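Here are a few notes to read alongside the model. They follow some charged pairs first and then turn to one further residue.

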Amino acid sequence: VLWNTKKDSFAIEEGSFQGGVGFRYKPLKMHNFFLGVERLIKIGDQAQDNWLLRNAYSWGVGRELKRDAHSWNYTSFYVDAGYFVKDPTWAYFSEFRQGVSLNYRNQLLVIPHVTVSGRWQDPDPFEASYSEGGVGVLFGHTINSSSPQGKGLDMEVLLQYKFPFDGSASGLIISGVIRK
């Protein structure tokens with residue numbers, strides 16, 4: 001379930017709740033390329049019932065902790081393309097980050113970086129497309145990364161401030177991820 005917040009607020013836009021269920025498939029073992037199918041389920045008044053076909057690809061270096069190394073290069077690239085079947089619409093998102101990974105006491109990664117990103121939609125009746133750039137810092141920590149079972153629980157917090165290239169709104173972005 002996803003939703004939007006009201007402008008300049010953390011208050012939820014009640015009509016924006018969007019449900020969905022789907023699956024994705026990784027056809028190439030050595031690459032982060034995914035094919036997906038999602039069924040979007042209308043919950044709020046502004047949501048939709050639709051099918052979404054997606055492709056996503058990511059590539060990056062420097063997000064892994066290198067014990068006893070002080071710093072190293074960080075590069076991250078992500079692209080996502082989606083096709084909404086009902087009322088055919090293409091939607092694209094891409095983000096690139098470049099920075100440096102800093103090792104804090106072999107416990108925490110602190111990754112200051114610059115970033116550029118954009119979202120494009122065709123057709124775009126609500127003029128939702130944008131492009132922006134900014135600065136950010138990613139904090140990453142892995143619990144049990146040295147365990148014999150392999151990678152442990154991975155947690156990250158991302159703070160970014162982005163400026164528009166095309167007149168859209170700028171602002172602070174905060175996100176968190178926990179993955180096993």
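**Notes on salt bridges and one strand residue**

1. A good place to begin is Asp 80, which counts as buried because its relative accessibility is 9%, under the 20% cut-off. Please keep in mind that this is a predicted model.

2. What does the side chain of Asp 80 meet in a salt bridge? The partner is Arg 54, with 2.2 Å from N to O. Asp 80 belongs to strand 4 (residues 71-84) and Arg 54 to strand 3 (residues 50-61), so this salt bridge ties together parts that lie 26 residues apart in sequence. Arg 54, at 30% relative accessibility, counts as partly exposed, whereas Asp 80 counts as buried.

3. Now to the structure as a whole: how many salt bridges does it hold? There are 9, and the pair of Asp 80 and Arg 54 is one of them.

4. Next, have a look at Asp 154 and Arg 63, whose side chains form a salt bridge at 3.2 Å, N to O. This pair links distant parts of the chain, 91 residues apart: Asp 154 sits in strand 8 (residues 153-164), while Arg 63 sits in the loop between strand 3 and strand 4. Are these two residues buried or exposed? Asp 154 is buried, with a relative accessible area of 3%, and Arg 63 is buried too, with 17%.

5. Arg 97 and Glu 95 give another example, their side chains meeting in a salt bridge at 3.1 Å, N to O. Arg 97 has 12% relative accessibility and counts as buried. Glu 95, at 11%, also counts as buried.

6. Which residues are joined into one network by salt bridges that share partners? They are Arg 63, Asp 154, Glu 156 and Arg 179. You have already met Asp 154 and Arg 63 as a salt-bridged pair.

7. Finally, turn to Val 137, which lies in strand 7 (residues 130-143). Leaving aside neighbours within four places in sequence, Val 137 is in contact with Val 110, Ile 111, Pro 112 and His 113, and also with Val 157, Leu 158 and Leu 159. How far is Val 137 from Arg 179, C-alpha to C-alpha? The two are 19 Å apart in space and 42 residues apart in sequence. Arg 179 is the residue named above as part of the salt-bridge network.

Note on methods. Residues numbered from 1 in each chain as written. Predicted model: local features only at pLDDT ≥ 70, side-chain atom pairs only at ≥ 80, totals over all residues. Heavy atoms only, no water. Salt bridge = Lys/Arg side-chain N within 4 Å of Asp/Glu carboxyl O. Helix = DSSP H or I, 4+ residues; strand = E, 2+ residues; numbered from the N terminus. Buried < 20%, exposed > 50% of the residue type's maximum accessible area, 1.4 Å probe, protein only. Contact = heavy atoms within 4.5 Å.
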